[in-house]
Amino acid sequence: MSAIDKALIPEALFPTIDALCATAVKLSAVIARGPLGQSLGAGVGENSDGDQQKALDVMADEMFEAALRPAGVKHYASEEQETVLVLDEAGAYALAIDPLDGSSNIDVNVTIGTIFSVFEAEEEAEASFLRPASEQIAAGYIAYGPQTLMAVTFGTGTHLYVLDPETGAFELATGQMDLPVAAKEFSINASNRRHWTLPVRAYVEECEAGVEGAKGKNMNFRWVGSLVAETHRILTRGGTFLYPSDARKGYEKGRLRMVYEVAPMAFLVEQAGGKATDGKTPILELQAGALHERCPLVFGSAEEVDRIAELHG
Ligand SMILES: O=P(O)(O)OC[C@H]1O[C@](O)(COP(=O)(O)O)[C@@H](O)[C@@H]1O
Ligand SMILES: [Mg+2]
Ligand SMILES: [Mg+2]
């Protein structure tokens, strides 16, 4: 039995998407057991980027790698692996993955996720991923929250599937997600305020000024600490998200990784009618110079992203 309704999925990509969804069904069951199972949030090492790896980061990576091996994937690039793995020389696709996003939320029962991006595979492993984000042929995230769900794009809109506990499969819920043009909420890690650049500071001050300020409307603030949860909220009811570069050492390009966080979210957001930039340039025009390279990310409602770009001059 398939793990996802075939509707809207290009035939050639179906085995890959089905393998991702079958793994998400299993992962969702592990996550749902939480503290009844093994400790998912325990530290087990460091990844190539120096981030602490938790047990669930490693488990999720192993599960996706194993499931994707017989599913048409030639090159596999993961947040948890230093280099690109060759899964199947004959595979047509290159798949980049953040197997478990939002890992600081694992132990506190707050939404976490998986993010993926798909390209046609090139001959050489890294070349499959170090190319313009506009060359992605699919991208998506799976959110493990009150519902387990997947937002996915194949370049013709962003579609929403929900894991139906009754059928055990992802069922199509919304054929075309529509990100509102105007926003009432903004998201940024405000604890970094003292490190921000002037344009970021100016934007946040405009939001905080509310109805008395230039915006002429009140804005609410949200910060979950899970990019997947934040993106899902914004795709659903609008808003803006910023993880900009700041003055901290190591944050010259923000925190999020281009290949398996920034590029796929940008593709999903643009296909839903929103915008995604590094502050100035559309993310889809950019490309990573190294597999784990970071990239500042600003996305959300078109009006707000345009205003942020204006402030960046
Ligand atoms: O620690 P901060 O500044 O709140 O950063 C939160 C961001 O870091 C991330 O957790 C990074 O992802 P990982 O959990 O995959 O490393 C994003 O999901 C989130 O947007
Ligand atoms: Mg992540
Ligand atoms: Mg991760």
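How many residues surround ligand 1, and which are the closest? I started my notebook with that one. I counted 16 residues around ligand 1, and the closest are Asp-101, Asn-189, Leu-227, Tyr-243 and Arg-255. Note to self: this is a predicted model.

**Entry: polar contacts of ligand 1**

I went looking for polar atoms next to the oxygens of ligand 1. Ser-103 offers a polar backbone atom, 3.0 Å from an oxygen atom of the ligand. Arg-257 and Glu-261 use their side chains instead: a polar atom of Arg-257 sits 3.2 Å from a ligand oxygen, and one of Glu-261 sits 3.1 Å from a ligand oxygen. Then I checked how covered ligand 1 is. Alone, ligand 1 would expose 480 Å², and the protein buries 87% of that.

**Entry: the magnesium ions**

Which residues hold the magnesium ion written as ligand 2? I found Asp-98 (OD), Asp-101 (OD) and Glu-261 (OE), at 1.9 to 2.1 Å. I jotted down the spacing of these donors along the chain as D-x2-D-x159-E. Asp-98 lies in strand β5 and Glu-261 in helix α5 (residues 258-271), so this pair ties together parts of the chain 163 residues apart in sequence.

Asp-101 and Glu-261 were already in my notes: Asp-101 is among the closest residues to ligand 1, and Glu-261 has a side-chain polar atom 3.1 Å from a ligand 1 oxygen.

Next I looked at the magnesium ion that is ligand 3. Its donors are Glu-79 (OE), Asp-98 (OD) and Leu-100 (O), at 2.1 to 2.2 Å. Their spacing reads E-x18-D-x1-L. Asp-98 turned up again, and I see that it bridges the two magnesium ions, which lie 3.7 Å apart.

**Entry: the sheet**

I followed β5 out into its sheet. Eight strands make up an open sheet with mixed pairing, in the order β4-β3-β5-β6-β7-β8-β9-β10. Why does one side of β4 and of β10 lack a neighbour in the sheet? β4 (85-86) and β10 (169-174) stand at the edges and have a single partner strand each, so one side of each is left free of a sheet neighbour.

I also zoomed in on one pair. β6 (residues 112-120) and β7 (residues 138-144) run antiparallel and are joined by seven bridges. I picked Ser-117 and found its bridge partner in β7 to be Ala-139.

**Entry: helices on the sheet**

Last, I looked up what packs against the strands. Helix α1 (residues 14-33) lies across β3, β5, β6, β7, β8, β9 and β10, at about 15° to β7. Helix α4 (residues 227-237) touches β5, β6, β7, β8 and β9, and its direction makes about 105° with that of β7.

Conventions: Residues numbered from 1 in each chain as written. Chains lettered and ligands numbered in written order. Predicted model: local features only at pLDDT ≥ 70, side-chain atom pairs only at ≥ 80, totals over all residues. Heavy atoms only, no water. Pairing = 2+ DSSP bridges. Helix = DSSP H or I, 4+ residues; strand = E, 2+ residues; numbered from the N terminus. Contact = heavy atoms within 4.5 Å. Axes fitted to C-alpha atoms, helices over the stretch in contact; angles between N-to-C directions. Near = heavy atom within 4 Å. Polar contact = N/O pair within 3.5 Å; in protein donor to acceptor, adjacent residues only side chain to side chain. Areas by Shrake-Rupley, 256 points an atom, 1.4 Å probe, with all protein chains shown as cover. Donors = N, O, S within 2.8 Å, 3.2 Å for Na, K, Ca; no water.
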